[in-house]
Amino acid sequence: MPISSTAWMIARRLSFAGKNGRRSPGMAIAVTGLSLSIIIMLVSIAVVTGFKQAIRHKVTGFASSITIAPPTVPNSGTAATITLTDSLLSAIRSVAPKAEVDLTLPQPVLIKTPTDFAGMIVKGIREGATSRFLQENLAEGELPDFDDPEQRNDIAISAHTARHLELNVGDKVDAHFLQGNSVKNRRLKVTAIYDTHFTEYDQLYLFAPIALTQGVCETDSLSGALIELNGLPDSQLDDIATDLRVALWEQEMSSPRPKIYAITSVHESGAIYYNWLALLDTNVVVILLLMGAVAAVTLISSLIIIILERVRLIGILKALGASNRFIRQIFILMTQRLVTRGVVIGNVVGLGLILLQRYTHWLPLDADAYYLDYVPVELSWLAVVGLNVAVIVVSVLVLLGPSHIIATISPSRSMRYE
């Protein structure tokens, strides 16, 4: 419905004030209702987006985006140690050129103190994505240099393990590794304590330079148990994993005894968390629909109020020969003025709250229940613009129907309307 310039001029000049000169309470309610809807929608999107990103970051910090496990020789059922050769690295780069490739060697271990013990996994790592993840969640001490063989007996443990075993930075513990029919013992020193609030992982892993586990397993510096790929877009992980399987298989086809690599994305290894996060999208959709419905009802009510307060004006315009379509344009444009005010106020307050939370973390969370000790927020400008455009477009559409009430107003009766 093309907008007449005359209708636009009249809509701009008409006031929302009543006969007593004060703004109609209905108009204030309309602006307030629309503003609250915008605020709730913005905050909901920001919180869910931030929460999903934070949880995904923690899961990939432990499990990595894509994992390449040691190959098995067909019909043998035996697993071999994986070696990061130039040909293997070249095949990985051909599929994921920007991936950060890390070699790791996890090993089960029994940690024993004078008063207690715990079965865990010591994950031998190199400097890279995992070490940066630990640095982000460092609670006490200083991380060892994971590339320095001289620090092979320095370890980082979780705050959960430190409390359970009553350990502090600087304490030493006995570590017992079961290798075949023998047990290898090491004396390890706690140099760092990290806390990710991910109890399921925190109670399972401790981290050490890969030289420790390579020495226990008697492997060379290029061999490990897993090759981990990080720094990849979450939305492309499944496609990259599939392409990587094909690339590695094509590389092995020329071999007399081709190796089969087990490639797993974090969507599989951390499926329980990703399925949980997927449920949050449903919650956001429900919130957006509810808030959209509230805003729509508020705008429709406001339009009806505006029309009823100006019945005599409608009669005069009709008596002067104005068409129903022209008058509808005037009142829709008037209501859009309310929409603009509500959208502006909602954006200012909503984005203000989001930025305040992002930089101050003033809203806390129960870390034991949500894996985070504060409410994370993340919002892209694309989402902000998209939400505002959607609100404006929907507001115009929902006003088209109720505006037909103007056609039922008779010029002669409207002159006597009080």
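The chat below walks through helix packing, strand pairing and a few single residues in a predicted model.

Biologist: I'm new to this one, so which strands does S8 pair with in the antiparallel sense, starting with S5?
Modeller: Keeping in mind that the model is predicted, strand S5, residues 138–141, pairs with strand S8, residues 182–194, in the antiparallel sense over three bridges. Within that pairing, Leu138 stands opposite Tyr194 of S8. Strand S7, residues 172–179, also runs antiparallel to S8, and eight bridges join these two.

Biologist: And S6, does that run parallel or antiparallel to S8?
Modeller: Strand S6, which covers residues 154–158, runs parallel to S8, and the two are joined by five bridges. One residue to look for there is Ile157, whose bridge partner in S8 is Ile193.

Biologist: Back to S7 and S8, how many residues sit between them in the hairpin?
Modeller: There are two residues between S7 and S8 in that hairpin, and Gly180, which is in the turn, has a positive phi of about 65°. Along the paired strands, His176 has Asn185 of S8 as its bridge partner.

Biologist: Which residue that is not a glycine has a positive phi?
Modeller: Glu166 is one of them, with a positive phi of about 55° even though it is not a glycine. You will find Glu166 in the loop between helix H5, residues 159–165, and strand S7. Its relative accessible area is 62%, which is over the 50% cut-off, so Glu166 counts as exposed.

Biologist: What about Glu218, where does it lie?
Modeller: Glu218 lies in the loop between helix H7, residues 210–217, and strand S10, residues 223–224. Glu218 is not a glycine either, and it has a positive phi of about 55°. With a relative accessible area of 64%, Glu218 is exposed.

Biologist: Let's switch to S3, what does it pair with, and over how many bridges?
Modeller: Strand S4, residues 117–125, is one partner of S3, and these two pair in the antiparallel sense over eight bridges. In this pairing Pro108 has Ile121 of S4 as its bridge partner, and a hairpin of four residues joins S3 to S4. Strand S3 itself spans residues 100–112, and five bridges join it to strand S11, residues 226–230, with the two running antiparallel. There, the bridge partner of Leu103 is Ile227 in S11.

Biologist: How many bridges are there between S3 and S7?
Modeller: S3 and S7 pair over three bridges, in the antiparallel sense, and Lys112 stands opposite Asp174 of S7.

Biologist: Now the helices, at what angle do H10 and H14 cross?
Modeller: Helix H10, residues 271–309, and helix H14, residues 381–400, cross at roughly 50°, with their axes coming within 10 Å. An angle under 35 degrees would count as roughly parallel and one from 65 to 115 as roughly perpendicular, so H10 and H14 are described as oblique to each other. Their crossing is right-handed.

Biologist: Which residues make that contact?
Modeller: From H10 the contact residues are Ala296, Leu299, Ile300 and Leu303, and from H14 they are Ser395, Val398 and Leu399. Sorted by class, six of the residues in this contact are nonpolar and one is polar, with no charged residues.

Biologist: How do H11 and H12 cross, then, left-handed or right-handed?
Modeller: H11 passes H12 in a right-handed crossing. The axes of helix H11, residues 311–319, and helix H12, residues 324–360, come within 10 Å and cross at roughly 145°. The residues in contact are Ile314, Leu317 and Lys318 on the H11 side, with Asn324, Ile327, Ile330 and Phe331 on the H12 side. By class, that contact has five nonpolar residues, one polar and one charged.

Biologist: One more helix residue, is Lys52 buried or exposed?
Modeller: Lys52, which lies in helix H2, residues 25–63, has a relative accessible area of 12%, and because this is under the 20% cut-off, Lys52 is buried. Leaving aside residues up to four places away in sequence, Lys52 touches Leu277, Leu280 and Asp281.

Biologist: Last one, where is Gly401 found?
Modeller: Gly401 is found in the loop between H14 and helix H15, residues 411–414. Gly401 counts as partly exposed, at 44% relative accessibility. From C-alpha to C-alpha, Gly401 and Leu382 are 30 Å apart in space, and in sequence they are 19 residues apart.

Conventions:
Residues are numbered from 1 along each chain as its sequence is written. This is a predicted model: local features need pLDDT of at least 70, side-chain atom pairs count only at pLDDT 80 or more; totals for chains, interfaces and linings use all residues. Side-chain values use heavy atoms; hydrogens and water are left out. Axes are lines fitted to C-alpha atoms, for helices over the stretch in contact, and angles run from 0 to 180 degrees between N-to-C directions. Angles under 35 degrees count as roughly parallel, over 145 as roughly antiparallel, 65 to 115 as roughly perpendicular and the rest as oblique. A crossing is left-handed if the near helix is turned anticlockwise from the far one by less than a right angle, and right-handed if clockwise. Contact means heavy atoms within 4.5 Å. Ala, Val, Leu, Ile, Met, Phe, Trp, Tyr, Cys and Pro count as nonpolar, Asp, Glu, Lys and Arg as charged, and the others, Gly among them, as polar. Two strands pair if DSSP finds at least two bridges between them. Buried means under 20% relative accessible area, exposed over 50%, partly exposed in between (1.4 Å probe, protein chains only).
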